[in-house]
Amino acid sequence: MWYLCVFYHRLLDYRKPEVESLADLFGAFEDKRRPGNRVLQWRLPQHHHPDSPFYFVDLPSEDVAKNVANRSILVKGIYELWGEGGSYEELEEAVKSYPDERKLPYLGSESTFKITVDSFGKVMSLLEQNERIRGLSYISFKGRVNLKNPDHNFWLMETDDIATNNGLPPVAQRRIFFGREVGGADRKLLPTYQLKSRNYLGPTAMDAEMAFLMANQAQAAPGKLVYDPFVGTGSILVSAAHFGAMTMGADIDIRVVRDGRGPDRNVWSNFKQYGLPMPIALLRADNNLPPWRPGLKEVFDAIICDPPYGVRAGGRKSGGRKLLKGVIGPYTVPDDKRADHIPSTAPYSLAECVHDLLDLAARMLVIGGRLVFFYPVSREEDSCEDHFPEHPCFELVATSEQILSSRYSRVLLTMVKTSSYTEELALAAWMKHLEFKANHSKWLEEGKNLHSSVFSPAETEQRIKAQI
C-alpha cells in the first residue's frame, strides 16, 4: 500500500536509507538472502523537487509503516493519504472519492480525533489554520475532539509554490495533502541525549542524531550484540543500547576505557546517566591486532563505528615507531608497572585501518550482520563510489553523504555480510586492499592532508567575509 512519508528537512541523503533499513528490520522484505533486493519503491508528489520532504512510499502493511515511523529519526510522519490536490476544491473531490470502507472506521462516534494543520515553505497564522479546519466540514466526523490524547490524528499539509523565494526545494505549484497519521518520530529523545548534557565527552564524541541514525542503519534491536572497535566515550553504543541492543566496545587508549575523568565521569557513567544497560565489556584493544582467540567467528550482529581518518583525531596502532622500525625488539612490561603502563603507539593509516576493520567484520559478524561506518571521500572526483572499500564477504546496501568542506565529505557506508569468512576470501580481500591502496589518492593515505583540506584557512576566511 502506498503511504505519504513526510521527512524532517535535514540530512537529505540519509532519509531513504534509514527508512529502508528499518523496513527491513520490521519484515517488509520477503527475500532475506539478497540484501540488494531490499529497496522500497518511492515516488514524488506531482511537481515536487527530489529534495522535497514529501514522498510516497510503498509498504506492505500499516504495522510496518507504524513501526518504521515511530522508530525513525528523520521521518516526521507516515500517513494514510485520503486525498491530495492543487487546490482545496481538488482536495475535497479527492477525499470524497476515497473509499468509505477505508474512512468510516475512523469517523465513528465512539472515537476521538484531532486535526493538525501544517505547512512547508511558509507559516500559517492561527486564524488561517482554523479556516482550513472549518473547510473540512464535508468530512463526517462524528467523534469528539481531543487535542491531548486522541484516538486518531488527521493532518492537513500544504506546500508553498515556487513564487516564494525562500531557499527551500522548488515546487512548481501548491500541493495540499490530507490523511490519517499512522506513526511519527519521537524527536524528544534528541534533547534527552544531546551532547551538551552528556556526563563524559571527548573530542570525537558522535552527535546524538547521527549516532541514532547509525544505530538504525545497523538495525540495533533487543537480542542483538553491537560492537564498536573505536568506542571512545561510547556515544554510538549509547544509541544502540537505547534501542535495546547489548553492547561491547574497544579502544586503543586504555585511559579512555579504564579511567575516563574519574569514577563518576567515564564511559560507564554515560550509560548510567540514561538508565541504559551497561556494556557487557569494554576492552583495551587494537584494531590492527584484534584480541580474539583463533577460530572465534560470527559473534556480533552489528559493528558500528567512526574510524579515525585524521579530521578530529588520527589513527594509532600498537608498537611505537622504534618497535615498528626494528630499532628495538618486543618487550614485556614488568608486573609492578602494569597498572600504570600506557603502551606505545604509532600512526595508523586510514587505508590500513579500513582493511583491518573489514577483516574484523568478515570474521566476527554473523551472516546478515551489518557493518556501518563513516568513510571520507573527495568531492572533486567524478564518482566517489569508485573509491569505496570492498570485501568479498560484504554487499554495500546504502551510502549517505555528509559534506565536510567544498573538497571533501564523509559517507556513511552500510554493508551486509553475505558470505562466511574463509582463508580464500581473506586472500581475495587482501588483493583488493592492495589494489585499493595503490589506486587511492594520496590524501587518504596521509590523514593530515584531509584535516588541512577540511579546515582550510582560505575557506574559513571566505566564509567570514561572506558573513560580513
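**Entry 1: salt bridges**

I searched the whole structure for salt bridges and found 18. The model is a predicted one, and I keep that in mind for each entry below.

I looked up E62 next. E62 forms a salt bridge with R180, and their closest N and O atoms are 2.8 Å apart. The two residues come from distant parts of the chain: E62 sits in helix α2 (residues 62-71) and R180 in strand β8 (residues 176-183), 118 residues apart.

Are E62 and R180 buried or exposed? I noted E62 as partly exposed, because its relative accessibility is 29%. R180 counts as buried, because its relative accessibility is 4%.

I then checked whether this pair belongs to something wider. E62 and R180 are linked with E80 and R102 in a network of salt bridges.

**Entry 2: a bridge inside one helix**

I turned to K96. K96 forms a salt bridge with E92, with the closest N and O atoms 2.8 Å apart. Where do K96 and E92 lie? Both are in helix α3 (residues 88-97), 4 residues apart, which is about one turn of the helix. I noted E92 as partly exposed, with a relative accessible area of 27%.

**Entry 3: R255 and D253**

I looked up R255 and found a salt bridge with D253, the closest N and O atoms being 3.0 Å apart. R255 has a relative accessible area of 43% and is therefore partly exposed. D253 also counts as partly exposed, at 22% relative accessibility. For the record, buried means under 20% relative accessible area, so D253 at 22% does not count as buried.

**Entry 4: strand β10 and its partners**

I followed strand β10 (residues 246-251). How many of its residues are buried? I counted 5 of its 6 residues as buried, so the strand is mostly covered.

Strand β9 (residues 225-228) pairs with β10 in the parallel sense over 4 bridges. I picked out one contact: L225 has M246 in β10 as its bridge partner. From β9 the chain passes through helix α8 (residues 235-242) to reach β10, and this β-α-β crossover is right-handed.

I also looked for β10 pairing with β11. Strand β11 (residues 281-284) and β10 pair in the parallel sense, again over 4 bridges. Here A250 has L283 in β11 as its bridge partner.

A general note to self: in a regular strand the side chains alternate between the two faces of the sheet.

**Entry 5: cysteines**

I searched the whole structure for disulfides and found 0. Why does C353 not form one? The closest cysteine sulfur to that of C353 belongs to C305 and is 7.5 Å away, so the two are too far apart for a bond. A disulfide needs the sulfur atoms within 2.5 Å.

I checked cover as well. C353 is buried, with a relative accessible area of 0%. C5 is buried too, with a relative accessible area of 0%.

**Entry 6: a nonpolar patch**

Last, I looked at the surface. L427, W430, M431 and L434 make a nonpolar surface patch of about 400 Å². I placed W430 in helix α13 (residues 423-439). How covered is W430? W430 is partly exposed, with a relative accessible area of 38%. Patch residues need over 30% relative accessible area, so W430 at 38% passes that cut-off.

Note on methods. Residues numbered from 1 in each chain as written. Predicted model: local features only at pLDDT ≥ 70, side-chain atom pairs only at ≥ 80, totals over all residues. Heavy atoms only, no water. Patch = residues over 30% accessible without salt bridge, like charges linked within 9 Å, V, L, I, M, F, W, Y side chains within 5 Å. Areas by Shrake-Rupley, 256 points an atom, 1.4 Å probe, with all protein chains shown as cover. Salt bridge = Lys/Arg side-chain N within 4 Å of Asp/Glu carboxyl O. Buried < 20%, exposed > 50% of the residue type's maximum accessible area, 1.4 Å probe, protein only. Pairing = 2+ DSSP bridges. Right-handed = clockwise from strand over helix to strand, strands pointing away.
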